[in-house]
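Here is a guided reading of a structure, meant for someone who comes to it without earlier knowledge. Please keep the sequence and the 3D view at hand while following the paragraphs below.

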There are 2 protein chains.
Amino acid sequence: MSEKRETVIRADANSDNETLAPEPFESEFLAAREDVVKKVLSQQPDDEILYDLAELFKVFGDSTRIKILYSLFETELCVYDIARLLNLSQSSVSHQLRILKNSKLVKFRREGKSVFYSLDDEHVRSIISMGMEHVEE
Amino acid sequence: MSEKRETVIRADANSDNETLAPEPFESEFLAAREDVVKKVLSQQPDDEILYDLAELFKVFGDSTRIKILYSLFETELCVYDIARLLNLSQSSVSHQLRILKNSKLVKFRREGKSVFYSLDDEHVRSIISMGMEHVEE
DNA sequence: TATACATATGAACAGATGAGCATATGTATA
DNA sequence: TATACATATGCTCATCTGTTCATATGTATA
């Protein structure tokens, strides 16, 4: 249990009258640490945004989806071709495209019986490129 | 079933003598699509790299880890302070820091009983910033 | 070296996730 | 409108993941 630490500190709470811990400070050093902790907290974005951010990266965090996104770097592709290209089932690709669509990472257009998907956002390229730089080190 | 689509296309296969589908082309249009698919495949990075890339984004894909990383944007922090700051258990923070450490996203130094963690890579900031741009739209 | 503090880690459990199957929906054409 | 093709989706299952608890390891100090 963490009942002792139940004093929750929130970025949106007014912090002037709040102590971060129930114990009195024992030294200047501890007091300085308190200030750092408070400062970090005040600079932290809202929980909701950080949650959304994690959700976004979660979408990139699957090799099937990464492969699909990479396939769309140069050109739009229909579902069947993506499946063929990556040796995946049509169902799997369709499920993943839905996730990518919901995250606004891909868009689509219908052409006859086929649906062509393409990247919806230049951020996709930037994010993947940044990740690639880290991976390739 | 997708038995008809069993003809697997691989990036590492030599592609000159391979047909992408068992059926003969029915039109120029289909032939052009074949070329596109082949081209996309040849430009796709190795599976291993794409897998590593997905693994990296998976690390960013958890709000606890995102919060920890964000906390380290400005300053190094010890485990206990991170836990206090984010209202998490010491154990949980320690487990997550290990994952971040293994991905080379954070580094640490020991100072007495405490261990101070900090960002290990400027890419962390870039990647998170890129994600933030997308989320904040 | 005994004790307290700070962190790390193994095990277990609940919840999330991705793939495949079966089938529904949408579209073109005979 | 019946049929075939292309895609989407509900369901299920095996696997993965994050948290907690209990405890081990590491460090400073009385």
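Two strands count as paired if DSSP finds at least two bridges between them. With that in mind, and remembering throughout that this is a predicted model, one can begin with the strands of chain B. Here β2(B), which covers residues 106-111, is joined to β3(B) by six bridges, and the two strands run antiparallel. One of these positions can be followed by eye, since E111(B) has S114(B) in β3(B) as its bridge partner. Between β2(B) and β3(B) lie two residues, so placed that the strands form a hairpin, and G112(B) in the turn has a positive phi of about 65 degrees.

Chain A can be read in a similar way. Its strand β3(A), residues 114-119, is joined to β2(A) by six bridges, again with the strands running antiparallel, and E111(A) stands opposite S114(A) in β3(A). In chain A these strands belong to an open sheet of three strands with the order β1-β3-β2 and antiparallel pairing. The edge strands are β1 (77-78) and β2 (106-111) of chain A, each of which pairs on one side only.

The next topic is how the two chains meet. Their contact takes 48 residues from chain A and 46 residues from chain B. On the side of chain B that touches chain A, at least two residues each are supplied by α1 (28-43), α2 (47-60), α3 (63-71), α4 and α6 of chain B, and α2(B) provides the largest share, with ten residues. Sorted by class, this side of chain B has 22 nonpolar, 13 polar and eleven charged residues.

One helix pair deserves a separate look. Helix α6 of chain A and helix α6 of chain B, each spanning residues 122-135, pack at an angle of about 165 degrees, with their axes 9 Å apart. Angles over 145 degrees count as roughly antiparallel, and α6(A) and α6(B) are therefore roughly antiparallel to each other. The crossing in which α6(A) passes α6(B) is left-handed. From α6(A), the residues that make the contact are H123(A), S126(A), I127(A), M130(A), G131(A), E133(A) and H134(A), while α6(B) brings H123(B), S126(B), I127(B), M130(B), G131(B), E133(B) and H134(B). By class, the contact of these two helices has four nonpolar, eight polar and two charged residues.

Finally, there are the DNA strands. Around DNA strand C there are 24 residues, of which S91(A), C78(B), Y80(B), S91(B) and S94(B) come nearest. The elements that give two or more residues to this surface are α5 (90-102) of chain A together with α4 (79-86), α5 (90-102) and β3 (114-119) of chain B, and α5(B) gives the most, with six residues. The surface near DNA strand C has six nonpolar, twelve polar and six charged residues.

Around DNA strand D there are 25 residues, and those that come nearest are C78(A), Y80(A), S91(A), S94(A) and S91(B). Here α4 (79-86), α5 and β3 of chain A, together with α5 of chain B, give two or more residues each to the surface, and α5(A) gives the most, with six residues. By class, the residues near DNA strand D divide into seven nonpolar, twelve polar and six charged.

Methods:
Residues are numbered from 1 along each chain as its sequence is written. Chains are lettered from A and ligands numbered from 1 in the order in which they are written. This is a predicted model: local features need pLDDT of at least 70, side-chain atom pairs count only at pLDDT 80 or more; totals for chains, interfaces and linings use all residues. Helices (H or I, at least four residues) and strands (E, at least two) are DSSP runs, numbered from the N terminus. A residue is near a molecule or strand if its C-beta atom, placed from the backbone, lies within 6 Å of it. Ala, Val, Leu, Ile, Met, Phe, Trp, Tyr, Cys and Pro count as nonpolar, Asp, Glu, Lys and Arg as charged, and the others, Gly among them, as polar. Axes are lines fitted to C-alpha atoms, for helices over the stretch in contact, and angles run from 0 to 180 degrees between N-to-C directions. Angles under 35 degrees count as roughly parallel, over 145 as roughly antiparallel, 65 to 115 as roughly perpendicular and the rest as oblique. A crossing is left-handed if the near helix is turned anticlockwise from the far one by less than a right angle, and right-handed if clockwise. Two residues are in contact if their C-beta atoms, placed from the backbone, lie within 7 Å.
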